[in-house]
Amino acid sequence: MKTIYTKSFILLAFLLTYSVSQAQNIVKGTVKNSQDQALPGANIILKGTKYNTTTDENGNFSIDTRDKLIFTLLVQYVGYRTEEIAVKGQTTSPLAVKLTEENELVEVVISSRRRNEKAQSVPIPISVVSGKQAEQAGAFNVNRIKELVPSVQLYSSNPRNTGINIRGLGSPYGLTNDGIDPGVGFYVDGVYYARPAATTLDFIDIDRIEVLRGPQGSLFGKNTTSGAFNITTRKPSFTTGADFELSYGNYGFLQAKTSITGGLTEKLAGRISFSGTQRDGLIDNVATGRPTNTLNNQGIRGQLLYEPSDNTSILLAGDITTQRPDGYAQVIAGVAPTQRAAYRQFDAIIADLGYQLPSRNAFDRKIDHDTPWRSGQDLGGASLNIDTKIGGGTLTSTTAWRFWTWDPSNDRDFTGLQVLAKSQNPARHTQLTQEIRYAGQVTSKLSGVIGAFFIDQTVKIKGTEESGSAQWRFSQSPVNYNNNGVSTPVPLARWAEPGLLEGYGIRTNASIHAVSAAIFGQLDWAVTDQLHILPGLRYNYDNKDSKYDRQTYGGLETTDPQLLAIKRAVYTNQTFAAEKDKFDFSGNLTVNFKANDKVNAYATYAKSYKPVGVNVAGLPTPAAGQTLADLAVIRPEDVNHYEVGVKTSPFKNAILNVTLYNTDIKDYQTNVQAAELGVNRGYLANADKVRVRGAELDASFVINEHFSFNGAVTYTDGKYVKFTNAPLPLEETGKTENGVQVAFKDVSGSELPGISKWSGSLGGEYTNAAKFFGNLGKFFIGIDSYARSEFSSSPSASKYLIVPGYAIFNGRIGFRATEGLSINFWARNILDKNYYEQLLPAGGNAGHYAGVLGDQRTYGITLKYSL
């Protein structure tokens, strides 16, 4: 990481010494407020330097730009928002600068509909988090953004097993399967990131984060059924500038960020940004004597902006992130009694093995795992974006290539026993995407977007799962063998045969090749100035080709039929292949009525889908008349979505938005656990029908020049309308009826996992004009809170896997300046609340289950210096 920062300082020195020599350039101007009143004494700074001046009694100023033809002026005045005025080339006319009062709520400008417009004018439920908001809240990745946007849920037991949902929909809850597409799109500067691991990235140079709720198929390249993250980074500037940020906190937290930008020639500008995050572990491993769940992230992003003319811009970007944490260990959270025989209960098993857990209280944060936790990943890619103004709109081409490599090691039995000595599925994902779209005004009353999208993905997985010395006792169960044509029980004592299962495992080779192509578009027909009708259409083709092969190895070499039957009860060879393609037609219709400047109402119907899925994580034995290939293919989701909303500005400096929605999904793609002992991992299946309905309220207002508040609350009701072949809850594992083991359960009418009925956020900030080390700025003190009610943490509701509701509070105090030094003292989870983010059963369903713990109280200081 030191090498990265050294390079950043070298590049900064280069950019700061590079300039285009021209004659002296004196710039004049006037500064006024929104009422056209002159502002005497306003501070005018030549950004990137210490040269400044002030306005006279008539609001006039004159400043020498020091031979710079490309520069930015910072205009500051106490009680008003700082403005940045970018100037390119010689200017002879005086600049007219208008400042906005600090106590006015400025509407956020977004680009989700492929044009710049105010968020309050868009007939889509959308939440916007600016880069500054994210920084102030300590939200340096998506997992922390959920605390600001309560409609978002993110669950991660490691980067690969990460699911991001909006309104409880998007990814199946539990272990991730690479064979399905996420229902929440993730875009960075127009580039689609196909793998959910991207959500674990540290944000680098973020300008804003737009969170769209509901199906998005007619505006974005990749179809998504429940929403999208549209992230915009800061672009290169022709004016030299730099930001340096350093944070230090408890648990050895250290984060450094650098961003440097400037003009390289008259038409070429660059920006390079670095981020590095380190932190000691938050959980103690008493077996190794050192803490685990560390952070060790480094990232770099570079951009080159070429503007050959006023109508065309070309942006070349590249990035790479490496993460090498000793992390993502889960802690035993409890033990559920199952319906298996007494000798198969967890406490009986560990008693026979002479083992005790290091603690029965998960929040002691102690583990004794004997298999190392490793979660190494590399993510990166390159993109080329070309924007050309044609007629009344812009033609955009976005070409991108991205990769993700995953190098894990897990202790999936969550104990210090050698049950699973190895559990790892290294993978490499690559994707190539191309999107072309045109967005603009067609006639005086008709505007819209039309585009085409293509993505080619390849996934290759090479996995290993291997039994340890304690596997026999956890797997011990009645098994039959063929005794001269007669099915005969194997004596239970034979499971204890020395070395029988130790080193016995499976090696897996799996691959997926997926291709998707689409044409899409949306029109905006202004029937009147107030009434708009917005139809959208999408035609999509998807093809997925999967291969799966696993072979057993190791263990005791034997020809004894009884011992062979035991080994086959744990692991078997399995090979299958599946290919499926499908054309889909979807669309949406929105009616938008703008009653006046303060009220904007809309109603939407959308028919959407999630493409066909394939299994690549092992399958149970198929029922009679079925093959493994039949189980390997997962039917696409069919989505019908209804929504009404109103965006209002009830009084000055206030926003209040309300949304009501109902989403029905047929053939919902979900993750289930096999009843068979040998299938430790979850696999994909379809639930007949689910329904999610709810209400959302978003509000923000500024009371005066000192106080501002924001809040959001959501009510979400998600149910399985019909799901007859759901997995058994943990406590019903081993259930029998009439002497036959039950494999599935009808959970129709029960709650969907991962959904809290109530969740919300509330934040406020007090600011006051101040001066710090000669810099004008704002003193601030703020607090943010996030709360959610209890939710089920299992595909089939289990009373043991209910995550209790919780609330956390984060605070900050410091000084914030547009240029110069800013300082921020921060604390997260101030009350040191103990809470779970997820609960999940151990492999094999012996009764014990583990928790993904929320972070305990953390605190620190952030220093930022801007040039």
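Asn653 sits in the loop between β39 (637-648) and β40 (654-673). In this predicted model, the phi of Asn653 is near 65°, a positive value in a residue other than glycine. At 14% relative accessibility, Asn653 counts as buried. Arg365 is another case: a positive phi of about 55°, again in a residue that is not a glycine. The loop holding Arg365 runs between α4 (346-352) and β25 (366-367), and Arg365 is buried too, with a relative accessible area of 7%.

The strand that follows Asn653 brings in a salt bridge. Asp667 pairs with Arg635, and the closest N and O atoms are 3.1 Å apart. This pair links distant parts of the chain, with Asp667 in strand β40 and Arg635 in the loop between β38 (633-634) and β39, 32 residues apart. The two partners do not share one environment: Asp667 is buried, at a relative accessible area of 13%, whereas Arg635 is partly exposed, at 44%.

Turning to the overall layout, the domain assignment splits the protein into domain 1 (26-98), domain 2 (109-233) and domain 3 (241-866). The centres of domain 2 and domain 3, taken over C-alpha atoms, are 11 Å apart. Their contact draws 75 residues from domain 2 and 127 residues from domain 3. About 8,000 Å² is buried between domain 2 and domain 3, and carbon and sulfur atoms give 50% of that area. On the domain 2 side, Gln120, Arg167 and Tyr173 supply 10% of the area buried against domain 3, more than any other three residues.

Polar and charged pairs also turn up across this interface. Nine salt bridges cross between domain 2 and domain 3, and 33 residue pairs are in polar contact. Several elements of domain 2 each supply at least two residues to the side that touches domain 3, namely β10 (126-130), α2 (131-136), α3 (142-145), β11 (152-156) and β14 (191-192). Of these, β11 gives the most, with three residues. Sorted by type, the residues on this side of domain 2 come to 31 nonpolar, 27 polar and 17 charged. As for individual pairs, Glu837 forms a salt bridge with Lys146, with 3.7 Å between the closest N and O atoms.

The structure as a whole holds 40 salt bridges. One of them joins the side chains of Asp205 and Arg271, at 3.4 Å from N to O. Asp205 lies in the loop between β14 and β15 (206-213) and Arg271 in strand β19 (residues 268-279), so the pair ties together parts that are 66 residues apart in sequence. Asp205 counts as buried at 12% relative accessibility, and so does Arg271 at 9%.

Another salt bridge spans a longer stretch of chain. Asp698 meets Arg213, the closest N and O atoms being 3.2 Å apart. Here strand β41 (residues 682-702), which carries Asp698, is linked to strand β15, which carries Arg213, and the two residues are 485 apart in sequence. Both Asp698 and Arg213 are buried. The pair also belongs to a network of salt bridges that links Arg167, Arg213, Glu643, Glu696 and Asp698.Asp698 comes up again around Ala712, a residue of strand β42 (residues 707-722). Ala712 is buried, with a relative accessible area of 11%. Leaving aside residues up to four places away in sequence, Ala712 touches Pro150, Leu697, Asp698, Ser759, Gly760 and Ser761. Ala712 and Leu148 are 564 residues apart in sequence, yet their C-alpha atoms are 8.2 Å apart in space.

Ser822 belongs to strand β52 (residues 820-828) and counts as buried at 12% relative accessibility. Its side chain reaches the backbone nitrogen of Ala817 at 2.8 Å. With residues up to four places away in sequence left out, the contacts of Ser822 are Phe815, Arg816, Ala817, Thr862, Leu863 and Lys864.

Finally, helix α6 (residues 561-570) has Gln562, Leu563, Ala565, Ile566, Lys567 and Val570 as its buried residues. These buried residues pack against β30 (446-467), α5 (471-475) and β31 (480-483). The N-terminal end of α6 is capped by Asp560, which places a side-chain oxygen 2.9 Å from the backbone nitrogen of Gln562.

Notes:
Residues numbered from 1 in each chain as written. Predicted model: local features only at pLDDT ≥ 70, side-chain atom pairs only at ≥ 80, totals over all residues. Heavy atoms only, no water. Domains from an automatic or database assignment. Contact = heavy atoms within 4.5 Å. Buried area = accessible area lost by both parts, 1.4 Å probe. Salt bridge = Lys/Arg side-chain N within 4 Å of Asp/Glu carboxyl O. Polar contact = N/O pair within 3.5 Å; in protein donor to acceptor, adjacent residues only side chain to side chain. Helix = DSSP H or I, 4+ residues; strand = E, 2+ residues; numbered from the N terminus. Nonpolar A, V, L, I, M, F, W, Y, C, P; charged D, E, K, R; others polar. Buried < 20%, exposed > 50% of the residue type's maximum accessible area, 1.4 Å probe, protein only.
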